[in-house]
There are 2 protein chains.
Amino acid sequence: LHWRFLIFAGIVAKKQAFGVSMELFYAPGTVALASLIALHEADIAFTPNRLDFSQSEQRSEKYLRLNPKGRVPVLITDAGALTETPAILAYIAGLNPKKPLAPSDPFDFAKMQELNSYLASTVHVNHAHRVRGVRWAALQSSLDDMASKVTQNMQDCFALIQAEHFRGPWVMGDQFTVADAYLYTVGTWLKGDGVDIATLPGIAAHADAMRQRPAVQKALTY
Amino acid sequence: LHWRFLIFAGIVAKKQAFGVSMELFYAPGTVALASLIALHEADIAFTPNRLDFSQSEQRSEKYLRLNPKGRVPVLITDAGALTETPAILAYIAGLNPKKPLAPSDPFDFAKMQELNSYLASTVHVNHAHRVRGVRWAALQSSLDDMASKVTQNMQDCFALIQAEHFRGPWVMGDQFTVADAYLYTVGTWLKGDGVDIATLPGIAAHADAMRQRPAVQKALTY
């Protein structure tokens, strides 16, 4: 066999193993940042597809065929499309055996998923009541009322995470996991939600450590 | 060795393998039903601990030490306490190798988690705006406004699940998984939310099939 063929075969094998045909649909400033960070941390090649929320591209007919929820992120794999950040992150965490981004112990894996689920169903939801209130109410007075609770709700959530769901230096202790990508991403919304991250020193130190990582720096350029 | 010792050793080994020292804190009518169903489907022995929400036991000092979130369910294991239904269910799914309640294929596992995450962060949240609106707003007019959107939001969510996230006869196809326990549980709230399940024939047939299962019948007695 010619050496060129061997190199080619190796590249094909690596692409198949690490899913180079993957695509991520994202928009800047959204929760999709967590998936962008995780893909870079795991060294997974992928095609980024940026949606323009100012043009409501997430509600376009073409995009709704791909994701009827009209949200980001969506991870496109050879096996199909995947939505919901906790599911996408746990999937990415196991893609590259050389860069595992989740604990192998089943209980520790569950603890990681516990934080990811809390971020999705409580923290992100609390945040969304500031600018996405029309999902749950119609009157302007309701939207204003909801927005006025966001600062305290976000402060309470992050205080609880800092006290109960953060081992240090990373969420799960010494191992960096996808939960770090998710926690950092939701934490980038604190300022806009009126929370001073300096009141949460553990969360602030974690954000500082995250910003030192090349994968995070790369993900922030999208 | 005496035969009595061998039987005793076998029971101890089974208890250790299947975590008989587990406890589940729950309240009737809540999302904890999904975990009760999953524990019975997986043949995991556990101690049920019922909280009386009418006495606000979930806000008691003693319970908040166990779960500062003041919610149910909490699964107590030898390794520690676990909250958040998607994390608890995925953990239970792998506890009994003879009764796996999740797909072994990583992408199918992610698809199961995708539905579980959607149920937690979108469907349960939509439902909660009818009776738990004080989490996100203070004025009575806001609570009324939010409650008035719940029927349509729940109808839309279940229509999407039926069309996009249901392979049949179970959520993931031929394999019964913890996603079935979760979907059924949230579906029991449809009537109270003003949704006629007959308008969702796939969801209605799934609920009927669930009610035939001994584990579901047992879980509904708690």
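Between chain B and chain A there are 17 residue pairs in polar contact, with both residues of a pair at pLDDT 80 or more. This is a predicted model, so that filter is on confidence in the prediction. Salt bridges do not add to the picture: the rule finds 0 of them across the interface of chain B and chain A.

Now the elements on the chain B side. Strand E4 (80-83), helix H4 (85-93), helix H5 (106-131) and helix H6 (140-164) of chain B each supply at least two residues of the side that touches chain A. Of these, H5(B) gives the most, with 13 residues. Sorted by class, that side of chain B has 20 nonpolar, 12 polar and 8 charged residues.

How many residues does each chain bring to the contact? The contact takes 40 from chain B and 40 from chain A. The area buried between the two chains is about 3,400 Å², and carbon and sulfur atoms give 61% of it. On the chain B side, B:Phe107, B:Trp136 and B:Asp145 supply 18% of the area that this chain buries against chain A, which is more than any other three residues.

Next, symmetry. A turn of 180 degrees, with a shift of 0.0 Å along the axis, lays chain B on chain A with an RMSD of 0.0 Å. That is the relation of a two-fold axis. In chain B, the C-alpha nearest that axis belongs to B:Ser121, at 1.9 Å. As for the surfaces, 100% of the interface residues of chain B are also interface residues in chain A, so the copies meet through the same surface.

Last, some backbone details. The peptide bond from A:Gly168 to A:Pro169 is cis, with omega near -5 degrees. A:Pro169 sits in the loop between helix H6 (140-164) and helix H7 (178-187) of chain A. In the other chain, the bond from B:Gly168 to B:Pro169 is also cis, with omega near 0 degrees. B:Pro169 is in the loop between H6 and helix H7 (178-187) of chain B.

Two residues of chain B other than glycine have positive phi: B:Ser56, near 55 degrees, and B:Glu84, near 75 degrees. Are they buried or exposed? B:Ser56, in the loop between strand E2 (46-50) and helix H3 (61-66) of chain B, is partly exposed, with a relative accessible area of 39%. B:Glu84, in the loop between E4 and H4 of chain B, counts as buried at 13% relative accessibility, because the cut-off for buried is under 20%.

Conventions
Residues numbered from 1 in each chain as written. Chains lettered and ligands numbered in written order. Predicted model: local features only at pLDDT ≥ 70, side-chain atom pairs only at ≥ 80, totals over all residues. Heavy atoms only, no water. Contact = heavy atoms within 4.5 Å. Buried area = accessible area lost by both parts, 1.4 Å probe. Salt bridge = Lys/Arg side-chain N within 4 Å of Asp/Glu carboxyl O. Polar contact = N/O pair within 3.5 Å; in protein donor to acceptor, adjacent residues only side chain to side chain. Helix = DSSP H or I, 4+ residues; strand = E, 2+ residues; numbered from the N terminus. Nonpolar A, V, L, I, M, F, W, Y, C, P; charged D, E, K, R; others polar. Least-squares fit on C-alpha atoms with pLDDT ≥ 70 in both. Buried < 20%, exposed > 50% of the residue type's maximum accessible area, 1.4 Å probe, protein only.
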